[in-house]
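Reader: I should like to go through the terms used for this model one at a time, setting each value against its criterion. Please begin once the structure is in view.

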Amino acid sequence: MKVFKQVMLVALVAGLAGCATTYKAKVNFDKNEQISTTDYKTFAWLKESKILSAPTDINPVMKVRVDEAIERAFIAKGYTLVESPQTADFTVSYTVGSRDKVRVDSFPTAYRAGWGWGRGYYGGYYGNVVVGSDTHVRNYTEGKLAIDVFDVRTKQPTWHGWAVKRMSKADNDDSMATIKTVVDEVVANFE
């Protein structure tokens, strides 16, 4: 009996963990192979506004959080922030945005029906099923952050890293942690 209770407890915990919805950011980057970044030591913001192209509905508090997270991420990698873009080895800027998306899943009702014995030549599968479909519509918001690095000497783009993430209620509730995690994941790819 004790083993049965332990197995049921493990099954319950596993089931609850499977129901938790955490959406991991999809992170990627593109690098200009013609420009070497191995000698980079200092960075500055490309523009005083720090953001390359601000959306019209940007939350100014959120913008400050992203600015600070990007600065901290590059500093944590060993780069020094300087005030003047002309004296830096590279400059940084970013863009952010979000879009509302809709996901529609539609399955024939037969996918969710059970097998049964009854009418029909092969066991009555079609005899027990109502023909139709099971459709689920989900609305969600997808956020995107892109960080751009430019070489000061050549004035060429050096690196472009981005993350796309399906936003959950937990992400909105703890936006500081979400921003830090996503920025750190993107900047980790910069070399």
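Author: In this predicted model, K63 and D67 are both buried.

Reader: What makes K63 buried?

Author: The relative accessible area of K63 is 18%. The term buried applies under 20%, so K63 is classed as buried.

Reader: Where is K63 found, and why is its pairing with D67 called a salt bridge?

Author: K63 is found in helix α2. The N to O distance between the side chains of K63 and D67 is 2.7 Å. A salt bridge requires a side-chain nitrogen of Lys or Arg within 4 Å of a carboxyl oxygen of Asp or Glu, so the pair qualifies. The two residues lie 4 residues apart in helix α2 (residues 60-76), about one turn of the helix.

Reader: Why does the pair of K63 and D67 also count as a polar contact?

Author: The side chains of K63 and D67 are joined at 2.7 Å, and the limit for a polar contact is 3.5 Å, so the distance criterion is met. In addition, a polar atom of the K63 side chain lies 2.9 Å from the backbone oxygen of S49.

Reader: Which residues does K63 touch, beyond those up to four places away in sequence?

Author: K63 touches S49, K50, I51, I58 and Y94.

Reader: How many salt bridges does a search of the whole structure find?

Author: The search finds 4 salt bridges. One of them joins D184 and K180, with N to O at 2.6 Å. D184 and K180 are 4 residues apart in helix α4, and therefore about one helical turn separates them.

Reader: What makes D184 and K180 buried, exposed or partly exposed?

Author: D184 has a relative accessible area of 30%, and K180 has 46%. Partly exposed covers the range between under 20% and over 50%, so both residues take that label.

Reader: How do you know that E185 and K24 form a salt bridge?

Author: The closest N and O atoms of E185 and K24 are 3.6 Å apart. The limit is 4 Å, so the pair is accepted as a salt bridge. This pair links distant parts of the chain: E185 is in helix α4 (residues 175-187) and K24 in the loop between α1 (2-19) and β1, 161 residues apart.

Reader: Why is K24 called exposed?

Author: The relative accessibility of K24 is 63%. Exposed means over 50%, so K24 is placed in that class. E185, at 24%, counts as partly exposed.

Reader: How many aromatic pairs does the structure hold?

Author: The structure holds 13 aromatic pairs.

Reader: Why is the pair of F29 and W159 called stacked?

Author: The ring centres of F29 and W159 are 6.3 Å apart and the planes stand at 25°. Centres must lie within 6.5 Å, and planes under 30 degrees apart count as stacked, so this pair is stacked. F29 lies in strand β1 (residues 26-31) and W159 in strand β6 (residues 156-167), so the pair ties together parts that are 130 residues apart in sequence. W159 counts as buried at 3% relative accessibility, whereas F29, at 35%, is partly exposed.

Reader: What makes the pair of W45 and Y94 edge-to-face?

Author: The centres of the W45 and Y94 rings lie 6.1 Å apart, with the planes at 65°. Planes over 60 degrees apart count as edge-to-face, so the pair receives that name. W45 in strand β2 (residues 42-45) and Y94 in strand β4 (residues 90-108) are 49 residues apart, and both are buried.

Reader: Which residues form one aromatic cluster with F29 and W159?

Author: The cluster also contains Y40, F43, F74, Y79, F90 and F190.

Reader: Which residues form a nonpolar patch on the surface?

Author: V102, V104 and V137 form the patch, with about 280 Å² of accessible area together.

Reader: Why is V137 called exposed?

Author: V137, in strand β5 (residues 133-151), has a relative accessible area of 53%. Exposed means over 50%, so the label applies to V137.

Notes: Residues are numbered from 1 along each chain as its sequence is written. This is a predicted model: local features need pLDDT of at least 70, side-chain atom pairs count only at pLDDT 80 or more; totals for chains, interfaces and linings use all residues. Side-chain values use heavy atoms; hydrogens and water are left out. Rings of Phe, Tyr and Trp (its six-membered ring) pair if their centres lie within 6.5 Å; planes under 30 degrees apart count as stacked, over 60 as edge-to-face and the rest as tilted. Buried means under 20% relative accessible area, exposed over 50%, partly exposed in between (1.4 Å probe, protein chains only). A polar contact is a pair of N or O atoms within 3.5 Å; within protein, one must be able to donate a hydrogen and the other to accept it, and residues adjacent in sequence count only if both atoms are side-chain atoms. Contact means heavy atoms within 4.5 Å. Patches are made of residues with over 30% relative accessible area and no salt bridge: like charges are joined within 9 Å, nonpolar side chains (Val, Leu, Ile, Met, Phe, Trp, Tyr) within 5 Å. Accessible areas come from the Shrake-Rupley method with a 1.4 Å probe; for residues, only the protein chains shown count as cover.
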